[in-house]
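I opened this structure to look up its charged pairs, sheets, cores and cysteines. My entries follow in the order I took them.

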Amino acid sequence: MWKSENAGTTWTPVFHKENTVSVGDLVVSQTNPDIVWVGTGEATCRNSVTIGDGVYRSVDGGKTWTNQGLRETRHISRILINRGDPNIVLVAAMGSLWNANPERGVFKTIDGGKTWKKSLYVDENTGIADLAADWSDSRILYAAAYEHRRLPWLYTSGGKGSGLYRSTDGGETWTKMTKGLPEGMLGRIGIDTSRSKPGVVYAVVEAKDGGIFRSDDRGETWSRTCSTEVYARVANRPFYYSQIRVDPTDDQKFYILATGLSVSKDGGQHFQGIGGGTHSDHHSLWIDPADPLHLIEGNDGGIDISWDGGKTWDPVQSIDTAEVYQVGFDFQKPYFVYCGLQDNNTWGGPSASLDAGGVRNEDWFILAGGDGFFARPDPNDPNIVYANSQVNGITRFDRRINRASGIRPEAPLDQPAYRYNWNSPIHLSPHDSRVVYCGAQFLLRSPDQGRTWEVVSPDLTTNDPAKLKESGGPITPDNSGAESHCTITSIAESPVAAGVIWVGTDDGNVQVTRDGGKTWTNTIRAIPGLPPSTWCSRVEASRFEAGTAYAAFDGHRTGDTGVYLYQTKDFGRTWKSLKGNLPAFGWVHVIREDTRNPRLLFAGTEFGVFASLEGGAVWFSLKNNLPTVAVHDIAVHPRDNDLIIGTHGRGVWIMDDIGFLQETTPEVMESSGHIFSVRPSTRYFISSVREGYARPPFAAKNPAAGMTLTFYAKNAPKERPQLKITDAQGRLMAEFKFSTLPGYQRDLWSLNYVPEKDGVKTVPAAAAIYGMPMAPPGEYTLSLTVDGRVSESKAVVEADPRVNIPAEVLSAQVEAIGRTSVQAARLAGAVTAVRSLRDQLPKIEEAVGKAGESASGVIPALADFKARVDGLAEEILPKDYIGLGSREQMLRGGMPFQKLTALSMSLANSAEPPTAIELRQISEIERIAADQIGRLNDLIRTAIPPLNETLKKAGLAITLRALAEIK
């Protein structure tokens, strides 16, 4: 859940760290807006929804949350807070989507959630899809009962339990309403009441003769507002939507949310589409009661805001809520990440931007449409990317022209169709990237980038006829492909041995071939403790041993939320569980073996990401700053050593440089001090060419630029460990001190260093804005000292791949920056000295004035000294504000110190040698600095001692503080 306190200009996540953060509904108390309730578990009934663990309440505007129970309700559709007493709350619970459970219905509390009473319950298969209250009498309530069930291969919407109910006693008792409503079986129903005309209720009803209905007598009788044809057009796919909202100022005006967004202004006779400019699939709508033209609408693409009743919409693009299925990567520098998003295309974008503003939305590009799933770039050619949408709408994208070619394998018309999963896998052979695999009920292989395909297996699924059904019904059919079953869901060819291929299926098989598909073995019976037919969410072939593989299984689609994770080391003849200490709440989507350490494993679950340093025997959370989120995919970049995760709700996240995990062996864990290997660091020229005043719609943080240094100590060192970085000539480039705390620590070398001039390193004042050179490409030595023990390792700095800067150019830049830094430091010392003198003079003048006639002889000497100081100050001290200097200074770019800062930044940011003008300016400033500092030193040396002697002879106790000369 996100919160905005400025009408949607900016948003902050306020419900994102709890056990589960999927939100079915939220409501703010109208008597105390600090009281907020959240019902967890999406209520849209899609195949991709996740579960909740009850209701949460905040009494401080979302700062903190408390679970108030109803944990087993799993999906909550609506919450009502009594308008007079915020301790009275009603909750509409859908119950489990995947299996029967009694924790569904309408629940009521009168003590703020301490205790609950189930006030409306139909049966273990029927939940409550909607709940509404009369605006003039909060005792009158309406509830929509909904019998529904989703299975991996089937969705049913409707049954004998569905119906519309009313309570006239605040939800204590309920009566079913039928007069004027469709007869027979009902499905999902959406309801809303009129604020402007009490007693008016609207309902959108799924039925064989479904429609939109209105009651003017609080539900006693109902009448149809439009034809079934109009209803079918504006309220399609009722299981997914069935949302209706009445304008708070006009009982004749209401909105229907479905694939499109429609409004009727005449009580439902006619409708007008107003969703243009927004993403399709509309699920929520808020209408401002003070300004009904102000709408906030939620859809599959996010949030849109309108101020003119839906004529135009302003999209909210500052919230990172992308629902990622799979992630891929290439080998550009910086590398690009690819991902498929739920109902929002397949995308590619940089893992890091060389623009200082970070990675923004406009840095990404679309590869394919539809619901996005797999995206696999050719590791040898980043211009070629394979991507697919639902049921394997596979394409080969050519980034040179930004066009995609369809390459979907199709069965001949005289043969059964290929059965593709909603989330159908793509796999590139690790031995030949031109070889592409995809999965239906068969494994399909293309030797030529998808131009031709061949079947290389028999049907690898159970091919169970009971699971090959039409979907939807019993009222509304819905064959979108989401329930396509008995299909391949995961493919992995061994990187160690070509032709060893593993396949997992959604109906519980794990098959392996060792001869490129000629023969297959189903290994599923060798997996201990796995319920039959459990969906295989991932197979992973080991990078180290041909016979080793991993398999993850996900049973939540049949109501089994258990953790099933396994490893085989003998081509599937035997398997062992790797469940270990993984949390029992949260099924596994993916397992990945590290690219360098075979004992390092990663697991993505429905509620987080975990790692094991012991081959799966023991797991630990990698959550850190990651919100609670489903991790659907994990990738380890083999070159950059980044851990990339695709989250279903918060986009793509990257943990930079996991080398410390890869190197954490039992020996390292016992170490008194260890510096981990440093991945090559690139001295990128990072800049910004974007407009910087307006807030961008979204900007992901860039990874820290420079060299990441990771230190570990089992126990607390006695003294702070020290790390020195030296170049090939032994010159000290950087120095760090770690803390004396045990465990892991990280620091960063920006690659900037202070150059030497005449054997001396001089740090200029205002170093934070002063341009320092970056370390040149080459090898560096890291010397770690821990309690007197010294160890050494190496690190490499690489050049920016976009430019080739000769060594002599870098040397010339460093020489020039060294000259500027020396002069900047000298001038900064002069500034400090002059300011010190000016600050002391008023007190001396005050003392002389108080002494009167006895100190009159001091006045001429003091006035002469002050005049000399003021003259130097006018030349040396920088002006506080732009425009206060002389016209001459303005035309020449400022005072000497300002010019030095500009010169250093220009030199440090350039890929060119110093220009003749820059070198001339440096020489000129050196002469100016020599003159100014010479006169200042002369003042310090020849004027301060005589003045102090004069003050002393006059009997004054005050003197000018002696200053050191500027070297």
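**Entry 1: a buried charged pair**

I began with E540, which counts as buried at 5% relative accessibility. The model is a predicted one, so I read every distance here as computed. I asked which side chain meets E540 in a salt bridge. The partner is R592, at 2.7 Å from N to O. R592 is buried too, with a relative accessible area of 12%. I then placed the two residues: R592 is in strand β49 and E540 in strand β45, so the pair ties together parts 52 residues apart in sequence. The pair is part of a wider set. Salt bridges with shared partners join R538, E540, R543, R592 and D633 into one network.

**Entry 2: E593**

Next I moved to E593, in strand β49, residues 588-593. Is E593 buried or exposed? Its relative accessible area is 2%, so I logged E593 as buried. I looked for its polar partners. The side chain of E593 makes a polar contact with the side chain of Y550 at 2.9 Å. A polar atom of the E593 side chain also lies 2.7 Å from the backbone nitrogen of R543. I listed contacts of E593 beyond four places in sequence; among them are E540, A541, S542, F544, P598, L600 and L601. I also took one long distance. The C-alpha atoms of E593 and S791 are separated by 30 Å, with their positions 198 residues apart along the chain.

**Entry 3: the sheet with β45**

I traced the sheet that holds β45. Four strands form an open sheet, in the order β45-β46-β47-β48, with antiparallel pairing. Which strands are at the edges? They are β45 (535-541) and β48 (576-577), each pairing on one side only. β45 pairs with strand β46 (residues 549-554) over six bridges, in the antiparallel sense. I checked one bridge by name: W535 has D554 in β46 as its partner.

**Entry 4: strand β59**

I turned to strand β59, residues 707-713, and counted its buried residues: seven of seven. I sorted them by direction. M707, L709, F711 and A713 point one way, and T708, T710 and Y712 point the other way. Both sets are buried. The split fits a general pattern. In a regular strand, side chains alternate between the two faces of the sheet.

I then looked up the pairing of β59. Strand β62 (residues 743-749) is joined to β59 by seven bridges, running antiparallel. There, Y712 has Y744 as its bridge partner. Strand β56 (residues 674-675) is joined to β59 by two bridges, also antiparallel. There, I675 is the bridge partner of F711.

**Entry 5: nonpolar cores**

I searched for nonpolar cores. The largest has 42 residues, and L837, V848, F865 and L936 have the most contacts inside it. Elements that give two or more residues to this core are α4 (807-851), α5 (858-876), α7 (896-908), α8 (916-942) and α9 (944-953). Which of them gives the largest share? It is α4, with twelve residues. I looked closer at V848. Beyond four places in sequence, V848 is in contact with A855, V858, I859, L862, L951 and L956. I also found a second, separate core of 23 residues, which includes A713, A734, L751 and V786. A713 is one of the buried residues of β59.

**Entry 6: S433**

I picked a loop residue next. S433 is in the loop between β37 (426-428) and β38 (436-439). At 9% relative accessibility, S433 counts as buried. Its side chain makes a polar contact with the side chain of D378 at 2.9 Å. Other contacts of S433 beyond four places in sequence include P379, N380 and L428.

**Entry 7: more salt bridges**

I took the total: the structure holds 43 salt bridges. I logged two further examples. R74 and E72 meet at 3.2 Å, N to O. R74 is buried at 14%, whereas E72 is partly exposed at 42%. R214 and D216 meet at 2.8 Å, N to O. R214 is buried at 10%, whereas D216 is partly exposed at 45%.

**Entry 8: cysteines**

How many disulfides does the whole structure hold? My search found zero. I asked why C536 has no bond. The closest cysteine sulfur, in C486, is 14 Å from the sulfur of C536, so the two are too far apart for a bond. C536 is buried at 0% relative accessibility. C45 is also buried, at 3%.

Notes
Residues are numbered from 1 along each chain as its sequence is written. This is a predicted model: local features need pLDDT of at least 70, side-chain atom pairs count only at pLDDT 80 or more; totals for chains, interfaces and linings use all residues. Side-chain values use heavy atoms; hydrogens and water are left out. A disulfide is a pair of cysteine sulfur atoms within 2.5 Å. Buried means under 20% relative accessible area, exposed over 50%, partly exposed in between (1.4 Å probe, protein chains only). A nonpolar core is a set of buried Ala, Val, Leu, Ile, Met, Phe, Trp, Tyr and Cys residues joined through side-chain atoms within 4.5 Å. Contact means heavy atoms within 4.5 Å. A polar contact is a pair of N or O atoms within 3.5 Å; within protein, one must be able to donate a hydrogen and the other to accept it, and residues adjacent in sequence count only if both atoms are side-chain atoms. Two strands pair if DSSP finds at least two bridges between them. A salt bridge is a side-chain nitrogen of Lys or Arg within 4 Å of a carboxyl oxygen of Asp or Glu.
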